[in-house]
Amino acid sequence: MQLIDGAYQFDGGISPETLVKSYGCPLYVYESSKIKSQYDRLIKAFDVKNIKVNYATKALNNIEILKLMRQLGAGLDTVSIQEVKLGLKAGFKPEDIIYTPNCVSLEEISLAAEKKVKINIDNLSILEQFAHSFPSYPVCIRINPHIMGGGHSKISVGHIDSKFGISYHQLPHVLRLVDMYKIPIEGVHMHTGSDILDIDVFLQGAEILFEVAGHFPNLKYIDFGSGFKVPYKDGDIETDIEELGEKISFRFNEFCKKRNQNLTIMFEPGKFLVSQSGTFLVSANVVKQTTSTVFVGVDSGLNHLIRPMLYDAYHRIENVSKVSGRKRIYTVVGYICETDTFGVNRQLHEVAEGDILAFYNAGAYCFTMSSNYNSRYRPAEVLIHEGKDYLIRRRETFDDLFQTQLSTSLFE
Ligand SMILES: *Cc1c(COP(=O)(O)O)cnc(C)c1O
């Protein structure tokens, strides 16, 4: 969404108000053009022979978004058997899906193996059991390089105490298992967390991965995970993808040349591909002046967009019903019966009840983290593609709240 000629508009000149009139409020809106431009930018940043971008499904899992990713040429990164099934349903070939679970049962991993997707294993116990159950099934191993990345402790997953990955200090143990069970290791992987600012952290991790990769002569790919940071507010530092691309490509090409093999470089971004494509539209229910604060209470809350409360994430907010006039300072809050503050001290064009507010960067980890808390419905989702809007998820209804509940006659 952009401010063009004094009006907020999505691709094709579609206004937020028009969408709210057609589909109701609150509403998630995604623009495919932004997803495509981010995908193209990522591919272009790497000067290597073989690159595969596996989109991290958990960021935004609407099946139309997955199909769009497939059309762009992406594969999928999945973290549950349900995401694997979603990917297959969206038409991905099994070899274009990598399954990277953490702390799931061998049973679930077996189901994924039966679907013939790529399996990425992140602990020694499962590596051994899997080799038992599926001898000669190629696997990827997730290495924990023990570097501190990530913008928030909850999204930093590569440090020493992290539950993710096999410590690279345990490599001798891995090698013993690989040797004993003749496990075909086809890939090595790392993912150190979201919002990595410093590309040197990434490069350090990469060096560790190259070192590990040196032990596996039949490798097909090296997966550098993700964690690319995108700007959430003006002046935000983002991962310099072009610089990262140049540096990693150089080292990767060197590595391939030394081995005389054409490996594939893989990445699995979620946020980078979809964050900026999304806008969340809400309506101002009340403007409430207290002794010290002016609140805007909107028709949404942590049930629809929990990142500000969970991660202290900053989402830019604009009053898209007003593009001029004076600005006032507001604290924007939700309607849930606990403190659900979206933003403190935000300058917005003077808000009247009924105005539409927009949250930026609402593509990644927004709808997928929504819930029915307070017995509220989850919002509808709209995709804007080539200048036209399409409803890709209807709003829930009262019946949806009961879909999985069963009645007994106990309390009649
Ligand atoms: C969540 C996740 C990603 C995506 O991270 P982003 O910060 O959204 O790019 C990639 N790989 C794995 C294994 C993940 O769990």
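## Salt bridges, a buried helix face and a surface patch

The side chains of E238 and R41 form a salt bridge, with an N to O distance of 3.8 Å. This pair connects distant parts of the chain, 197 residues apart: E238 lies in the loop between β11 (221-223) and α9 (241-259), while R41 belongs to helix α2 (residues 32-45). The model in which these contacts occur is predicted. E238 is partly exposed because its relative accessibility is 30%, and R41, at 24%, is also counted as partly exposed. A network of salt bridges links R41, E238 and E242.

The salt bridge count for the protein is 15. Side chains of opposite charge can pair when their charged atoms come close. Three of the pairs are listed below.

| Salt bridge | Closest N to O distance |
|---|---|
| E238 and R41 | 3.8 Å |
| R251 and E254 | 2.7 Å |
| D400 and R394 | 2.7 Å |

R251 and E254 are three residues apart in helix α9, so about one helical turn separates them. Within this pair, R251 is partly exposed at 25% relative accessibility, and E254 is partly exposed at 37%. In the pair formed by D400 and R394, D400 counts as buried because its relative accessibility is 18%, under the 20% limit for burial. R394, by contrast, is partly exposed, with a relative accessible area of 47%.

Helix α1 (residues 16-23) has P16, L19 and V20 as buried residues. Viewed down the helix axis, the buried residues of α1 fall within an arc of 100°, and they therefore line one face of the helix. These buried residues pack against β2 (7-9), β3 (27-31), β13 (278-289), β18 (356-359), β19 (380-385) and β20. After α1 comes G24, which has a positive phi near 85°.

At the surface, Y377, F398 and F402 make a nonpolar patch of about 310 Å². F402 is located in the segment after β20 (388-393) and is partly exposed, with a relative accessible area of 43%.

Overall, the protein contains eleven helices and 20 strands. Its radius of gyration is 23 Å, which agrees with the value near 22 Å for a compact globule of 412 residues. Along the principal axes, the C-alpha atoms fill a box of roughly 70 × 60 × 40 Å. Buried residues account for 54% of the 412 residues. Of the contacts between residues at least 6 apart in sequence, 68% join residues at least 24 apart. The accessible surface comes to about 18800 Å², and carbon and sulfur atoms contribute 50% of this area.

Terms used: Residues numbered from 1 in each chain as written. Predicted model: local features only at pLDDT ≥ 70, side-chain atom pairs only at ≥ 80, totals over all residues. Heavy atoms only, no water. Patch = residues over 30% accessible without salt bridge, like charges linked within 9 Å, V, L, I, M, F, W, Y side chains within 5 Å. Areas by Shrake-Rupley, 256 points an atom, 1.4 Å probe, with all protein chains shown as cover. Salt bridge = Lys/Arg side-chain N within 4 Å of Asp/Glu carboxyl O. Helix = DSSP H or I, 4+ residues; strand = E, 2+ residues; numbered from the N terminus. Buried < 20%, exposed > 50% of the residue type's maximum accessible area, 1.4 Å probe, protein only. Arc of directions from axis to C-beta. Contact = heavy atoms within 4.5 Å. Rg over C-alpha atoms; globule rule 2.2 N^0.38 Å.
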